[in-house]
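Visitor: I'd like a close look at the charged side chains here. Could you walk me through who pairs with whom, and how much of each partner is open to solvent?

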Amino acid sequence: MRHRRAHRKLGRVADHRIAMFRNQAQALIRYEHIETTVPRAKELRPFVERLITIAKRGVAGGDGNGKLLHARRLVLRDLPDQVIVGKLFDTIAPRFAGRPGGYTRIIRLGYRRGDSAELAQLELVGSEYDPKAAPKETKAPEAPKTKGVGDRLRAAAERLRGKKEDADAKPARGASTKGARTAKRTTPQKSG
């Protein structure tokens, strides 16, 4: 009998399952939406909502009596990343201050192509994310890429052949093209 065994095992041992929930919770708090399977999303939902409730109580209790510090330490047991916990307490918990629960939403996306698993998007309420919208592009200066073997070979071939742009440059109007053609030829013609 399965008395007091309320949750799904998800094909993992307990330690692996808890580690997976911690990783997914960190990703959900960082990006405010994640895409996963429906059973995982249903199991992750109470895990994340409990963390948000603890953060809300800590923010509402204030720093004067130590409730904020205690709440941070409770959340740090499950999410060891200081940046994520800072975002949870600074931006997410105040956003849900007037909401009595239900901080997340599950949107079903269809079935995965490879194994036909039902996919869902788990997102925080208030951060409506449209998966079909084009992502906003932020122009950041890109670091120069390190050249691989293929890039080095192409660069060497261009140096040997001369730039294609230089060779194909069109002469100005009225200029004679006869001289340009003879100047290009470097191998002697065979006579006879």
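Guide: Let's fix the burial words before anything else: buried is under 20% relative accessible area, exposed is over 50%, and partly exposed is in between (1.4 Å probe, protein chains only). The model is predicted, so local features need pLDDT of at least 70 and side-chain atom pairs pLDDT 80 or more, while totals for chains, interfaces and linings use all residues. Numbering starts from 1 along each chain as its sequence is written, and side-chain values use heavy atoms, without hydrogens or water.

Now, the charges. The structure holds 12 salt bridges (a Lys or Arg side-chain nitrogen within 4 Å of an Asp or Glu carboxyl oxygen). Start at Glu-32, which pairs with Lys-87, their closest N and O atoms being 3.5 Å apart. Glu-32 sits in the loop between α1 and β1 (33–37) and Lys-87 in helix α4 (residues 82–95), so this salt bridge ties together parts that are 55 residues apart in sequence (helices, H or I of at least four residues, and strands, E of at least two, are DSSP runs numbered from the N terminus). Glu-32 counts as buried, at 15% relative accessibility, whereas Lys-87 comes out at 24% and is partly exposed.

Glu-32 also takes part in a salt bridge with Arg-95, again with the closest N and O atoms 3.5 Å apart. Here too distant parts of the chain are linked: Arg-95 belongs to helix α4, Glu-32 to the loop between α1 and β1, and 63 residues separate them. With 35% relative accessibility, Arg-95 is partly exposed. So picture a buried Glu-32 with two salt-bridge partners, Lys-87 and Arg-95, each of them partly exposed.

For a local pair, go to Asp-151 and Arg-154, whose closest N and O atoms are 2.8 Å apart in their salt bridge. Both lie in helix α5 (residues 149–161), 3 residues from each other, or about one turn of the helix. Asp-151 is partly exposed, its relative accessible area being 37%, while Arg-154 reaches 53% and is exposed. Elsewhere, shared salt-bridge partners join Arg-22, Arg-50 and Asp-78 into one network.

Arg-50 has another neighbour to check: its charged end sits over the ring of Phe-47, 5.6 Å from the ring centre (Arg CZ or Lys NZ within 6 Å of the centre and within 35 degrees of the ring normal). Phe-47 is buried, as is Phe-21. Arg-72 has its charged end over a ring as well, that of Phe-89, with 4.8 Å to the centre.
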